[in-house]
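The following report describes the model displayed below. Please keep the sequence and coordinates at hand while reading.

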Amino acid sequence: MASNTPVNVTVTGAAGQIGYALLFRIASGQLLGPDTPVKLRLLEIPQGVKAAEGTAMELDDCAFPLLAGIDIFDEPNAGFEGANVALLVGARPRTAGMERGDLLSANGGIFKPQGAAINAGAADDIRVLVVGNPANTNALIAQQHAPDVPAERFTAMTRLDHNRALSQLAKKAGVPVAEITRLTIWGNHSATQYPDIFHAEIAGRPASDVVADQAWLEGDFIPTVAKRGAAIIAARGASSAASAANAAVDHVFDWVNGTPEGDWTSAGIVSDGSYGVPEGLISSFPVRSVGGRWEIVQGLDVDEFSRARIDASVAELVEERDAVRELGLI
Ligand SMILES: NC(=O)C1=CN([C@@H]2O[C@H](COP(=O)(O)OP(=O)(O)OC[C@H]3O[C@@H](n4cnc5c(N)ncnc54)[C@H](O)[C@@H]3O)[C@@H](O)[C@H]2O)C=CC1
Ligand SMILES: O=C([O-])CC(=O)C(=O)O
């Protein structure tokens with residue numbers, strides 16, 4: 001994507017806590033690389049515009065050489081006009097005691113008009129990352145309302161789960177994060193997600209040999225990663241923000257620039273039926289980014305232990321899809 005023409009990056013929920021952690025990193029060049037100028041298009045609800053203006057003032061004050069402009073909108077058609085990258089962050093965050101299912105109707109309505117606006121006015125090469133929860137199903141709603149945009153351009157963020165899993169496994173194995181490859185998050189960005197270490201490698205050796213601790217895997221690793229969002233809320237009194245922004249940067253950077261040779265990452269992408277995930281659902285898979293497109297890593301053995309966990313998370317995605325269908329959101 002490197003060129004002198006600025007890339008239009010639309011960020012919804014720009015005045016929120018993830019927005020505040022994200023915008024400065026985009027403007028500094030971390031989203032698209034150090035040679036790509038960006039124009040920011042901040043989309044907020046009317047009550048959020050003033051705070052977004054304040055953030056825009058601070059962005060100005062950073063004098064980022066790659067920041068070619070900032071515009072602020074309170075209407076989706078204007079916000080997504082000409083967008084090359086859209087980060088759909090704006091949504092209602094989960095508060096203590098609330099499960100993602102509760103959020104479906106509160107947030108579903110936001111993503112229908114945003115999908116339609118992307119369909120109407122975004123650039124031909126638009127890439128969409130949905131961060132706002134429930135991310136997979138919100139991405140599905142937006143995608144369903146953008147029939148002229150290739151479905152593969154709509155993705156949901158499970159990179160934060162992936163990074164959390166990397167960090168937990170690195171701690172257990174006593175190795176730097178950089179030595180771990182081929183981890184996978186399967187399914188939904190929710191407590192049913194399945195962080196899978198059975199294909200992961202630690203310095204080139206199977207992670208399950210290096211760790212070889214089934215009790216830790218089942219009783220510690222999987223629940224720690226899957227419930228990390230709730231643990232952060234309990235500790236911080238607010239949901240993950242800087243780590244979520246970091247994961248969004250990682251996701252888009254890899255999508256545009258490719259995943260490292262020999263490794264893969266995790267992203268919620270539209271299923272083509274691989275690994276028994278019903279076609280059309282937006283589910284997390286092991287993915288490589290090649291030539292600017294996500295590809296599902298094929299041919300991995302899925303044993304009974306993994307199969308049951310993938311199936312449980314996918315079943316939740318099916319339930320969410322059916323629920324938003326009933327609400328008339330897709
Ligand atoms: N996928 C993931 O890994 C993660 C997802 N999240 C989710 O990200 C979302 C945002 O989180 P925070 O920034 O902490 O929330 P926040 O409440 O601090 O900010 C949300 C912002 O979105 C704005 N907004 C609401 N509706 C909008 C609309 N229709 N158009 C444009 N802007 C709109 C609000 O005015 C607010 O400024 C939440 O849904 C949260 O659950 C959070 C962490 C990780
Ligand atoms: O759990 C939440 O509500 C926020 C979130 O998605 C996460 O931190 O993974």
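## Report on the predicted model

Thr155 is buried, as 26 other C-beta atoms lie within 10 Å. Here a residue is called buried if 20 or more other C-beta atoms lie within 10 Å of its own, exposed if 12 or fewer do, and partly exposed in between, with C-beta atoms placed from the backbone. The model is predicted: local features need pLDDT of at least 70, side-chain atom pairs count only at pLDDT 80 or more, and totals for chains, interfaces and linings use all residues. Residues are numbered from 1 along each chain as its sequence is written, while chains are lettered from A and ligands numbered from 1 in the order in which they are written.

Thr155 belongs to strand E6 (residues 154-156). Helices (H or I, at least four residues) and strands (E, at least two) are DSSP runs numbered from the N terminus. Leaving aside residues up to four places away in sequence, Thr155 touches Val128, Leu129, Ala139, Ala267, Gly268, Ile269 and Trp294; contact requires that the two C-beta atoms, placed from the backbone, lie within 7 Å. Between Thr155 and Glu320, which are 165 residues apart along the chain, the C-alpha separation is 16 Å.

**The annotated active site**

In an unreviewed UniProt entry, the annotation "active site" covers His189. UniProt positions are given in the numbering used here, feature names are shortened, and annotations may be inferred rather than shown by experiment. His189 sits in the loop between strand E8 (184-186) and strand E9 (194-196). This residue counts as buried because it has 32 C-beta neighbours inside 10 Å. Its contacts, not counting residues up to four places away in sequence, are Ala135, Asn136, Ala156, Met157, Thr158, Asp161, Gly268 and Ser284. Gly268 is thus listed among the contacts of His189 and also among those of Thr155.

The unreviewed UniProt entry also lists residues 158-324 as "domain: Lactate/malate dehydrogenase C-terminal". Over residues 158-324 the chain is 47% helix and 19% strand, with the end C-alpha atoms 20 Å apart.

**Parallel strands and crossovers**

Strand E2 (residues 38-43) is largely enclosed by the rest of the structure, because five of its six residues are buried. Strand E1 (residues 7-12) runs parallel to E2 and is joined to it by six bridges; two strands pair if DSSP finds at least two bridges between them. In this pairing, Val7 stands opposite Val38 in E2. The chain passes from E1 to E2 through helix H1 (residues 17-28), giving a right-handed β-α-β crossover. Right-handed means that, with the strands pointing away from the viewer, the path from the first strand over the helix to the second runs clockwise.

E2 also pairs in the parallel sense with strand E3 (residues 67-73), over six bridges. Arg41 stands opposite Asp71 in E3. Helix H2 (residues 49-62) carries the chain from E2 to E3, and this β-α-β crossover is right-handed.

**Surroundings of ligand 1**

Ligand 1 is surrounded by 28 residues, the closest being Gly13, Gly16, Ile18, Gly90 and Ala91; a residue is near a molecule if its C-beta atom, placed from the backbone, lies within 6 Å of it. H1 supplies the largest share of this shell, three residues. By class, the shell has 14 nonpolar, twelve polar and two charged residues. Nonpolar residues are Ala, Val, Leu, Ile, Met, Phe, Trp, Tyr, Cys and Pro; charged ones are Asp, Glu, Lys and Arg; the others, Gly among them, count as polar.

**A three-stranded sheet**

An open sheet of three strands has the order E7-E10-E11, with antiparallel pairing. E7 and strand E11 (205-206) stand at the edges with a single partner strand each, so one side of each is left without a neighbour in the sheet. Strand E10 (residues 201-202) pairs with E11 over two antiparallel bridges, and Glu201 stands opposite Pro206 in E11.

**Backbone exceptions**

Most residues other than glycine have a negative phi, and most peptide bonds are trans. The peptide bond from Asn133 to Pro134 is cis, with omega near -5°; Pro134 lies in the loop between strand E5 (127-130) and helix H5 (135-144). Two residues with positive phi are tabulated below.

| Residue | Phi | Loop between | C-beta atoms within 10 Å |
|---|---|---|---|
| Arg182 | near 60° | strand E7 (180-181) and E8 | 20 other, buried |
| Tyr275 | about 55° | strand E12 (265-270) and strand E13 (282-290) | 20 other, buried |
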